[in-house]
Amino acid sequence: MPMEKKVKKSLSGLPERAEIVILGAGLTGLIAARELLLAGRRDILLLEREAGPGGLLKTNRSAGVTIDELPHVFFTKDKRASAIFRKMTGPVHSYRHRLGVMWKGGYVDFPFQDNISQLGLEDRKVVLRSLLERRLEENSARPGNLEEYSLRELGGGIVDLFFRPYNEKLWRTPLSGMDYAWLSSKIRLPGAAGLADSILGGTRAGKEDVAPHAEFIYPRQGGIASLVEGLLRAIRPVSPFCGAEVLKIDAGRKVVHTGRGAVRYGRLISTLPLDRAVRLAGLKDCYKAVSRLRATRVVCLQYALSAVNLPPYHWIYVPDPAVPFYRLTRADLINPRAVPGGKALLVECSIPEGGSAAGLEKRVTASLAGLGIVKKKDIRKVWLSSHYPAYPVPHTRRSEDVPFCLRRLSASGIISAGRFGEWSIYNMDHSIEAGISAAGKITLP
Ligand SMILES: Cc1cc2nc3c(=O)[nH]c(=O)nc-3n(C[C@H](O)[C@H](O)[C@H](O)COP(=O)(O)OP(=O)(O)OC[C@H]3O[C@@H](n4cnc5c(N)ncnc54)[C@H](O)[C@@H]3O)c2cc1C
C-alpha cells in the first residue's frame, strides 16, 4: 500500500506548507486549481475569506427558490471557456436575448442607439441635430476618455438621453474620468450607416449580432452556483479552506498570513483585488497607482413574486437617475424554476464607494410599485445581497497603473489574476481564461 504523506497542520486545520497556494476561491481561483490538477500538480491549497467558495457566483436556494444573488448568464465566443462551463454545469437552457430600456413611462428595445426610431419626434430631432453638428466639427483627434469617445461615436443626443445617465448611474463615475477600451466587449457601436437606420427605422440596424451577449446559456439545474459546484467536484480531493482571510503576504519568506494561521508556499496565485494584494504584500511603490483604483458596490434585491407587470424582456436597463436601480432582470424567464409557481425579479443598484445602502429595499419597493411593475400584495419575499468590489471602474490611467502593479507583483513571485486581480471588467469566460493562464504560468516551461 502506498504511504500517505503526512501534512503538518496548525490547530485551525490549515496546513503549514503547500506547494501552490491560491488566494480566493471564486471562479478564477477554482479554474486555476482545476488546471493545475489536470497538469498533475497535487499539493494545492485554496484560501477563501468567506464562509463558502464561489465569490460573485452565488445562488439563493432558501424557501424553495433558486435565484442568483447577482444576475449571471453565460455568453462567449471562446470555445474552450464554453466547453468548460457546459461540462461543469451539465445541461443548459439556450436563449436569444430580448432586452429593453425603461423610457419615459414605457419601454424601447435595447441597444438604445440602434432603436432611435422608437423614440418620440422631439427626442429623434435631438439625436439627429447633435449628429449633424458633430459631423460638421470633423474632430479626428484620438478621444482621451469615454465622454469624448461616446460623443464622437454616438453624438450628443444619444449620449445625453441614454449613454451618460445610464453609465454614470452604473459606474458612479463621470464619463470624462473613464477609459473606453472595455466598451467593445459590452456593446456593438452602430457607425454612421447604423445610426441612419436607427433614426429612420425601416431597415433596422443591429438585427444580426447586436451585442456580445446576443446568444446566452444558463444552467438547467441549480442556478449559477452549479458552475461552482461542478468545479468543486472536479478539483476533489482539494477543497477550499474557507473563513481564512489573507492578512499579509510575506513574499520574501514565501509565507501567507491568514486569520487562521500562516502557510508557507512554493508558488502563489492571487485572485484578490489588485489594490488589496499590493498592500498585503507591502509593495509601496505601487500605492500611488492603486490609490486611483475605484470600484462600485452592487446591492441586488431578489424578489419572489406572484405576478409582475413587465414586457417579456430578459433584462431592462434603467437610465433615469430618479429611479434607484440601474437594471432589472426577469430571472424567471431565464430559469423557469427560479420561483415555483411565481415570478423572480432581480433589481440591481450601484452604490458609490463609501456610500450607504440604508433604506434601499424600502425605496426600491416603493419605486417598483410607483412604476406599476409590482403590486405590494404580490411580493412573496425579498432578499438583499451586497457585493464589493462589483464593478472595477476603468479609470483613464488604467492602462498604465494596472500593468505596472501586475509587473511588480510578478517580480515578487505573485501571479495576480481574475476580474479584480487584473482590475478588468471580466465576464465569466474571461475569468475562466484568467484562471487557465495563471495556472499556465506555473506549469508551462
Ligand atoms: C453584478 C454583476 C453581474 C455579472 N453578470 C455576469 C454575467 O451575466 N455573465 C458573465 O459572464 N459574467 C458576469 N459577471 C462577472 C463574473 O461575476 C466574474 O467574471 C467572475 O465571477 C469573477 O470571478 P473571480 O474569481 O475573478 O472574482 P471573485 O468572484 O471576486 O473571487 C475572488 C475571491 O477572493 C476572495 N477574497 C477577497 N479578498 C480576500 C482575502 N483578503 N482573503 C481571502 N479571500 C479573499 C473573495 O471572497 C472571492 O471569493 C457579473 C459581475 C457582476 C458584479
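From which of the domains does the shell around the ligand draw at least three residues each? In this predicted model, the shell around the ligand takes at least three residues from domain 1 (17-53 + 240-293 + 395-443) and at least three from domain 2 (58-111 + 211-221 + 295-392). The close-up views below begin with that shell.

**View 1. The residues that surround the ligand.** There are 36 residues around the ligand, and those that come nearest are Gly24, Gly26, Gly55, Gly418 and Asn427. By class, the shell around the ligand holds 18 nonpolar residues, together with ten polar and eight charged ones. Helix H1 (27-38), strand S16 (379-392) and helix H12 (428-443) each contribute at least two residues to this shell, and two of these elements, H1 and H12, return in a later view as a packed pair of helices.

**View 2. Domain 1 beside domain 2.** The chain is divided into domain 1 (17-53 + 240-293 + 395-443), domain 2 (58-111 + 211-221 + 295-392) and domain 3 (113-200). The centres of domain 1 and domain 2, taken over C-alpha atoms, are separated by 29 Å, and the contact between these two domains takes ten residues from domain 1 and ten residues from domain 2. On the side of domain 1 that touches domain 2, six residues are nonpolar, one is polar and three are charged.

**View 3. Helix H1 packed against helix H12.** The axes of H1 and H12 lie 8 Å apart, and the two helices pack at an angle of about 45 degrees, so H1 and H12 are oblique to each other. The crossing in which H1 passes H12 is right-handed. On the H1 side the contact is made by Leu27, Thr28, Gly29, Ile31, Ala32, Glu35 and Leu36, while the H12 residues that they meet include Met428, Ser431, Ile432, Ala434 and Gly435, and further along the helix Ile436, Ala438, Ala439, Ile442 and Thr443. Sorted by class, this contact of H1 with H12 has eleven nonpolar residues, five polar residues and one charged residue.

**View 4. Helix H2 across helix H12.** Helix H2 (residues 79-89) also meets H12, where the two axes come within 9 Å and cross at roughly 100 degrees, which means that H2 is roughly perpendicular to H12. Ala81, Ile84 and Phe85 of H2 make this contact with Met428, Asp429, Ile432 and Glu433 of H12. The contact of H2 with H12 comprises five nonpolar and two charged residues, with no polar residues.

**View 5. Helix H2 across helix H6.** The axes of H2 and H6 cross at roughly 85 degrees and come within 7 Å, so these two helices are roughly perpendicular to each other. Phe85, Met88 and Thr89 are the residues of H2 in this contact, and they face Ser226, Leu227, Gly230, Leu231 and Ala234 of H6. In the contact of H2 with H6, five residues are nonpolar, three are polar and none is charged. Phe85 of H2 thus appears in the contact with H6 and also in the contact with H12.

**View 6. Two cis peptide bonds and a positive phi.** Most residues other than glycine have a negative phi, and most peptide bonds are trans. Against that background, the peptide bond from arginine 236 to proline 237 is cis, with omega near 10 degrees, and proline 237 lies in the loop between helix H6 (225-234) and strand S9 (246-250). A cis bond also leads from tyrosine 388 to proline 389, where omega is near -10 degrees, and proline 389 belongs to strand S16. Alanine 63, a residue other than glycine, has a positive phi near 50 degrees, and its place is the loop between strand S3 (59-60) and strand S4 (67-68).

Note on methods
Residues numbered from 1 in each chain as written. Predicted model: local features only at pLDDT ≥ 70, side-chain atom pairs only at ≥ 80, totals over all residues. Near = placed C-beta within 6 Å. Helix = DSSP H or I, 4+ residues; strand = E, 2+ residues; numbered from the N terminus. Nonpolar A, V, L, I, M, F, W, Y, C, P; charged D, E, K, R; others polar. Domains from an automatic or database assignment. Axes fitted to C-alpha atoms, helices over the stretch in contact; angles between N-to-C directions. Parallel < 35°, antiparallel > 145°, perpendicular 65-115°, else oblique. Left-handed = near helix turned anticlockwise from the far one by under 90°. Contact = placed C-beta atoms within 7 Å.
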